[in-house]
Amino acid sequence: MKLLTYSLDGSTRVGAWLDSASIVELSTVDGAFPDSMLGLVQEWDGWRDRLPEMIERAPRRALTDVRIEAPIANPPRDILCVGKNYADHVNEVKALGYGSIPSHPIVFSKATTTINRPDGLVDISADPTETTDYEGELAVIIGKGGRYIDERDARDHVFGYTLINDVSSRDLQGRHVQWFLGKSIDGYAPMGPVVVTEESAGNVRDWRLQTRVNGELRQDASISQMIFSVPEIIATISRYVTLMPGDIIATGTPSGVGAGHEPPVYLKAGDEVVVSCEAIGELRSRFV
């Protein structure tokens, strides 16, 4: 099942993705249906079993009639991010002083004001260093919160999966040592286009993540290449921090970022970046 947040006639709603041309308007079936993805996550146990029947009954609408929004525009806190989670990416950025392959997950955060919609504009004029870079990533949305989550039970706490572009200012990352400012420029986290629910996800490790810049393939990796898997990441974070429904975890980027080129190839106005995964779709952003 693929769910999405969309806007129509000035209001934001939750629907189901049918295909590349149409969606299902779930809110028209039951007036009590949550009007946000975060609300659905928080009430998931009450709606999960009803959704297949609701999808059958709900009216269809052309995708061109709506605007797709970020799945969750108002998560309960900053996006939780994992750094250096693909060995090839670690090796390509060693020259930037980011060190060796980690023995434990590196976790940092990215402000909620970075969240941007699919097909949205990313304003790179906010980066005075002109070193804005792309990072295509798989993002996990937490469903059932908790502390001390066992790795074996971690996927029971997942609501679903989406895509995120962890857009970063490389010079700001180095200048401020901690990565928060370099990662948290407003609009620097395009997210979407849909959420694939955990129940229908299957073997996530078989998925392939790709990023293209102006049509050129830059990143191409299997999720199985992660140093720390999704269950390991959830178990590690929840050992110290109580996870909450709606928390978003960005799981790291593979090699092929602009900073890894010699010389670096940073984004410029007019560039289009597409992060894709066959199971989820395409997250397209234009940089201005």
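These are my notebook entries on pockets, strands, aromatic pairs and backbone geometry in a predicted model.

**Entry 1: the pocket**

I began with the largest pocket, for which I noted a volume of about 220 Å³. I then looked up its lining, which comprises 15 residues, and I wrote down Trp44, Asp45, Arg48, Gly143 and Lys144 as the closest to the pocket centre. Sorting the lining by element, I found that helix H1 (37-42), helix H2 (44-47), strand S12 (158-165) and helix H7 (198-201) each give two or more residues to it. By class, I recorded 8 charged residues in this lining, together with 4 nonpolar and 3 polar ones.

**Entry 2: the cavity**

Next I searched the whole structure for cavities of 30 Å³ or more, and the search returned 1. For the largest cavity I noted a volume of about 100 Å³. Its lining is made up of 16 residues, and those that lie nearest the centre are Lys84, His89, Glu135, Trp179 and Lys183. When I asked which elements give two or more residues to this lining, the answer was strand S6 (79-83) and helix H5 (170-175). The class count for the cavity lining came to 5 nonpolar, 5 polar and 6 charged residues.

I followed Lys84 a little further, since it is one of the residues nearest the cavity centre. I placed Lys84 in the loop between S6 and helix H4 (87-92), and I noted that it has a positive phi of about 50 degrees although it is not a glycine. I counted Lys84 as buried because its relative accessibility is 11%, the cut-off for buried being under 20%.

**Entry 3: aromatic pairs**

A search of the whole structure gave me 4 aromatic pairs. In one of them, the rings of Phe108 and Trp179 have centres 5.1 Å apart and planes at 75 degrees, so I entered the pair as edge-to-face. This pair links distant parts of the chain, with Phe108 in strand S7 (residues 106-110) and Trp179 in the loop between H5 and helix H6 (180-183), 71 residues apart. I checked burial for both partners: Phe108 is buried at a relative accessible area of 12%, and Trp179 is buried at 16%. Trp179 also appears in the preceding entry, among the residues nearest the centre of the largest cavity.

I then turned to Tyr161 and Trp207, which form an edge-to-face pair with 5.6 Å from centre to centre and 80 degrees between the planes. Here too the pair links distant parts of the chain, Tyr161 being in strand S12 and Trp207 in the loop between H7 and strand S15 (208-213), 46 residues apart. Tyr161 counts as buried at 0% relative accessibility, and Trp207 is buried with a relative accessible area of 9%.

**Entry 4: the sheet**

I traced an open sheet formed by 5 strands in the order S9-S19-S18-S15-S16, with mixed pairing. Its edge strands are S9 (121-122) and S16 (216-222), each of which pairs on one side only. Strand S18 (residues 272-277) and strand S19 (residues 281-287) pair in the antiparallel sense over 6 bridges, and a hairpin of 3 residues joins them. For Cys277 I noted Gly281 in S19 as the bridge partner. S18 also pairs with S15, again in the antiparallel sense, over 4 bridges, and there I found Arg212 opposite Val274 in S18. S18 is mostly covered, as 5 of its 6 residues are buried.

**Entry 5: Ser169**

Where does Ser169 lie? I located Ser169 in strand S13 (residues 168-169), and I recorded it as buried, with a relative accessible area of 0%. Leaving out residues up to four places away in sequence, I listed its contacts as Asp127, Thr129, Thr131, Thr132, Gly182, Ile185 and Tyr188.

**Entry 6: backbone geometry**

I kept in mind that most residues other than glycine have a negative phi, and that most peptide bonds are trans. Against this I noted a cis peptide bond joining Gly192 and Pro193, with omega at about 0 degrees; Pro193 is found in strand S14 (residues 189-197). The bond from Glu262 to Pro263 is likewise cis, with omega near 0 degrees, and Pro263 lies in the loop between strand S17 (248-250) and S18.

Finally I looked up Asn214, in the loop between S15 and S16, which has a positive phi of about 50 degrees although it is not a glycine. Is Asn214 buried or partly exposed? At 46% relative accessibility, Asn214 counts as partly exposed.

How values were computed
Residues are numbered from 1 along each chain as its sequence is written. This is a predicted model: local features need pLDDT of at least 70, side-chain atom pairs count only at pLDDT 80 or more; totals for chains, interfaces and linings use all residues. Side-chain values use heavy atoms; hydrogens and water are left out. On a 1 Å grid over the protein atoms alone, a cavity is a set of points where a 1.4 Å probe fits but cannot get out, and a pocket is an open set with protein on both sides within 12 Å along at least five of seven lines; lining residues have an atom within 4 Å of a point. Grid points are joined across faces, edges and corners, and a volume is the space filled by probe spheres set on the points. Ala, Val, Leu, Ile, Met, Phe, Trp, Tyr, Cys and Pro count as nonpolar, Asp, Glu, Lys and Arg as charged, and the others, Gly among them, as polar. Two strands pair if DSSP finds at least two bridges between them. Buried means under 20% relative accessible area, exposed over 50%, partly exposed in between (1.4 Å probe, protein chains only). Contact means heavy atoms within 4.5 Å. Rings of Phe, Tyr and Trp (its six-membered ring) pair if their centres lie within 6.5 Å; planes under 30 degrees apart count as stacked, over 60 as edge-to-face and the rest as tilted.
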